[in-house]
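Good morning, everyone. Please have the sequence and the structure open while I talk.

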Amino acid sequence: MRDASPHAAKATQVGAPVDDLAIRFVNMAAWRLRSEVEERLSSPTELLAWLQSNGVLSKEQFGSLRLVWKQDVDLARLVHGSAIALREVIYNLLSARIDGKAPAEADVAIFNNILASHIHSASIAWRAGAYGWNVPSPHAADSSLLMPIALSAAELLTGIRANKVRQCQDDRGCGWLFVDESRSQNRRWCSMGDCGNRAKAHRHYQRVKKQGMSSTTKASN
């Protein structure tokens, strides 16, 4: 996509964003409501970078896994493929909740299989004055390092904020998900600094245009 937008910056954001881990992960597919979705995790390396920048991997773990994946390309592709599959299942489950529809049984089964297969791998550790995820050994031959994302999604799907998940209504087809924490519960856009401001500017332009056309019509009569 060629749109100049702050959306592009989120792909490499470092630090502690306010959105849930699962939401940030799902939103690595941009412009969801367009005919062509923009993939922002197109390689195993990009996946590793995202996991580190979002607190799932430490710098040391990132380096170790990158080395292992360079030596074992098949493993890297396996985990990357599992990550993309998990992301799409989470999106489908959250979208069904937003629409008030029953989710596909296959999506529920896939998600439950992931939880059942890797729940033993989930643990936390105290590092540098804060809690962080303790992922499996870099030599793990599965996708268990994705468990923090799955747990985040499970909490969001079943927790007290489950009915607050929304999808951006930007008319360009943004489609990003977000949790509406506003008091009035009527937030429509993923970001007021981007999609929200653009929508307001567009409405203002339409009003001014309409008023100008009305003034021209009156002057000609």
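In what order do the elements of the chain run from the N terminus on? The order is α-β-β-α-α-α-α-β-β-α-β-β-α. That gives seven helices and six strands. Keep in mind that this is a predicted model.

Two figures for the whole chain. There are 221 residues, and 40% of them count as buried. Now take the contacts with a separation of 6 or more. Of these, 58% are between residues 24 or more positions apart.

Let's go to the helices. Start with H4, residues 73–99. H4 has 27 residues. From its first C-alpha to its last, H4 reaches 39 Å. The expected value at 1.5 Å a residue is 39 Å, so the two are close. Right after H4 comes Gly100, with a positive phi near 70°.

Next, H6, residues 147–158. How far apart are its end C-alpha atoms? They are 16 Å apart. Twelve residues at 1.5 Å a residue should span 16 Å, so the model agrees with the expectation. Many names on H6 belong to buried residues: Met147, Pro148, Ile149, Ala150, Ser152, Ala153, Ala154 and Leu156.

Now put H4 and H6 together. Their axes come within 11 Å and cross at roughly 5°. Angles under 35 degrees count as roughly parallel, and H4 and H6 are therefore roughly parallel to each other. Which residues make the contact? On the H4 side, Leu86, Ile90, Leu93 and Leu94. On the H6 side, Ile149, Ala150, Ala153, Leu156 and Leu157. Sort the residues of this contact by type and you get nine nonpolar, no polar and no charged. Look back at the buried residues of H6: Ile149, Ala150, Ala153 and Leu156 are among them.

On to the aromatic rings. A pair of rings is described by the distance of the centres and the angle of the planes. How many aromatic pairs does a search of the whole structure find? Two.

Pair one is Phe25 with Trp50. The centres are 5.1 Å apart and the planes are at 55°, a tilted pair. Phe25 lies in helix H1, residues 21–26, and Trp50 in helix H2, residues 44–53. So this pair ties together parts that are 25 residues apart in sequence. Are these rings' residues buried or exposed? Phe25 is at 0% relative accessibility, so Phe25 counts as buried. Trp50 is buried too, at 2%.

Pair two is Trp126 with Tyr131. Here the centres are 4.8 Å apart and the planes are at 75°, which makes the pair edge-to-face. Trp126 has a relative accessible area of 57%, so Trp126 is exposed. Tyr131 has 64%, so Tyr131 is exposed as well.

Stay with Tyr131 for a moment. Its C-alpha is 9.7 Å from the C-alpha of Gly55, and the two residues are 76 apart in sequence. Gly55 sits in the loop between H2 and helix H3, residues 59–71. At 35% relative accessibility, Gly55 counts as partly exposed.

Next stop, a cysteine. Where is Cys168 found? Cys168 is in the loop between strand E5, 165–167, and strand E6, 177–179. Its relative accessible area is 1%, so Cys168 is buried. What does Cys168 touch, leaving out residues up to four places away in sequence? The list is Leu33, Cys174, Gly175, Trp176, Phe178, Arg188, Trp189, Cys190 and Cys195. Ser191 is 23 residues from Cys168 along the chain, and their C-alpha atoms are separated by 8.4 Å.

Last, two backbone angles to check. Trp31 is not a glycine, yet its phi is positive, near 55°. Trp31 is found in the loop between strand E1, 29–30, and strand E2, 38–39. Trp31 counts as buried, at 2% relative accessibility. Gln185 also has a positive phi, near 55°, and Gln185 is a residue other than glycine. Its place is the loop between E6 and helix H7, 192–220. At 29% relative accessibility, Gln185 counts as partly exposed.

To recap, keep two pictures. H4 and H6 are roughly parallel, and the residues of their contact are nine nonpolar, no polar and no charged. Of the aromatic pairs, Phe25 with Trp50 is tilted, and Trp126 with Tyr131 is edge-to-face. Thank you.

How values were computed:
Residues numbered from 1 in each chain as written. Predicted model: local features only at pLDDT ≥ 70, side-chain atom pairs only at ≥ 80, totals over all residues. Heavy atoms only, no water. Helix = DSSP H or I, 4+ residues; strand = E, 2+ residues; numbered from the N terminus. Buried < 20%, exposed > 50% of the residue type's maximum accessible area, 1.4 Å probe, protein only. Axes fitted to C-alpha atoms, helices over the stretch in contact; angles between N-to-C directions. Parallel < 35°, antiparallel > 145°, perpendicular 65-115°, else oblique. Contact = heavy atoms within 4.5 Å. Nonpolar A, V, L, I, M, F, W, Y, C, P; charged D, E, K, R; others polar. Phe/Tyr/Trp six-rings, centres within 6.5 Å; stacked < 30°, edge-to-face > 60°.
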